[in-house]
Amino acid sequence: MQTERYSRREFLARVYRYSSLSMMALLFGYDLSAHEKDLGKSTALLYATRYGATKDTAQWIQHGMRTPVDLLDIERVSFSDVLTRYDRFIVGSGIWIGGVHNKVIEFLETGQNSLDGKILATFLVCGTEESTDKGRAGIEGYFNVMHASLATKPSMSKAFGGRIIVEKLTDDDRKALTAFYNTFLHEQLRSWDRTDPEKARHFGTDAEYKIENTLLGSVQKSV
Ligand SMILES: Cc1cc2nc3c(=O)[nH]c(=O)nc-3n(C[C@H](O)[C@H](O)[C@H](O)COP(=O)(O)O)c2cc1C
């Protein structure tokens with residue numbers, strides 16, 4: 001399993017130093033050590049990629065967050081290990097020929113019961129753009145398929161631009177995309193890159209606030 005993770009000590013040091021949550025807790029005379037368990041909850045950021053843009057986007061999202069996040073390639077993990085080890089999940093997939101990665105669907109179906117309420121956010125990396133009604137409807141359709149097995153839909157979902165580098169495509173993908181570009185777009189297949197590190201980092205920061213608010217809620221309940 002590939003992981004890129006802060007040590008627990010480093011994480012706690014960061015939280016204690018910077019977080020508004022810890023400041024508030026201290027102001028209210030709350031003993032943070034009692035909440036080490038909550039703070040130590042771990043988040044998995046699972047991504048499914050074929051050509052790398054979704055992995056890059058996942059890394060930028062991770063960079064936008066201060067809490068420890070394990071970056072996991074969904075094709076290289078054991079679902080049962082992941083489902084027992086983590087308390088929160090961010091799940092992202094590229095889109096190929098109209099659909100998300102089958103491992104993403106499989107993971108969400110497998111974890112259907114234990115995942116309820118634990119999917120913090122989902123994201124897609126695709127060629128479809130949100131600038132038109134048709135594009136927005138297409139993206140909504142991808143998310144609907146992705147979320148179909150979830151009883152509680154994630155409150156944060158976002159589509160990011162991906163990329164196509166023609167020279168890196170497999171022969172089959174190049175042929176399929178060439179036919180698609182010629183038939184539907186009436187243009188030649190060419191390389192493009194609409195990845196956006198800044199937008200992805202912001203998404204990570206928003207997810208971070210969501211985690212902090214959850215923790216703050218649990219601190220407030222206890223004081
Ligand atoms: C074979 C192929 C099919 C694709 N089909 C779609 C599609 O149906 N809809 C879409 O929005 N984007 C489509 N794309 C664009 C991809 O979503 C985009 O290239 C994205 O970056 C892929 O993620 P990855 O780089 O992590 O593999 C396709 C790309 C490829 C290579």
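**Helix α6, the nonpolar cores and the largest pocket**

In this predicted model, the buried residues of helix α6 are covered by elements that include β1 (43-48), α5 (79-85), β3, β4 (99-100), β5 and α7. The helix itself spans residues 102-110, and its buried residues are Val-104, Ile-105, Phe-107 and Leu-108. These residues lie on the same side of α6 because they cover an arc of only 160° around the axis. On the face turned away from that buried side, α6 carries the exposed residues Asn-102 and Thr-110.

Two residues of this helix reappear in the interior packing. Phe-107 and Leu-108 are among the residues with the most contacts inside the largest nonpolar core, together with Leu-46, Val-82, Phe-89, Val-91 and Met-146. That core has 28 residues, and at least two of them come from each of β1, α5, β3, α6, β5 and α7. Another core, of 20 residues, lies apart from it and includes Ala-53, Ile-61, Leu-71 and Ala-200.

The description now turns to the largest pocket, which has a volume of about 1,100 Å³. Its lining comprises 39 residues, and those nearest the pocket centre are Gly-127, Thr-128, Ile-164, Leu-177 and Trp-192. Two or more lining residues are given by each of α4 (53-63), β3 (88-96), β5 (119-126), α7 (133-147), β7 (163-164) and α8 (171-185). The largest share, seven residues, comes from α8. By class, the lining consists of 18 nonpolar, 12 polar and nine charged residues. Strands β3 and β5 and helix α7 thus appear in the pocket lining, and they also supply residues to the largest nonpolar core.

Technical notes: Residues are numbered from 1 along each chain as its sequence is written. This is a predicted model: local features need pLDDT of at least 70, side-chain atom pairs count only at pLDDT 80 or more; totals for chains, interfaces and linings use all residues. Side-chain values use heavy atoms; hydrogens and water are left out. On a 1 Å grid over the protein atoms alone, a cavity is a set of points where a 1.4 Å probe fits but cannot get out, and a pocket is an open set with protein on both sides within 12 Å along at least five of seven lines; lining residues have an atom within 4 Å of a point. Grid points are joined across faces, edges and corners, and a volume is the space filled by probe spheres set on the points. Helices (H or I, at least four residues) and strands (E, at least two) are DSSP runs, numbered from the N terminus. Ala, Val, Leu, Ile, Met, Phe, Trp, Tyr, Cys and Pro count as nonpolar, Asp, Glu, Lys and Arg as charged, and the others, Gly among them, as polar. Buried means under 20% relative accessible area, exposed over 50%, partly exposed in between (1.4 Å probe, protein chains only). The arc is that of the directions from the helix axis to the C-beta atoms. Contact means heavy atoms within 4.5 Å. A nonpolar core is a set of buried Ala, Val, Leu, Ile, Met, Phe, Trp, Tyr and Cys residues joined through side-chain atoms within 4.5 Å.
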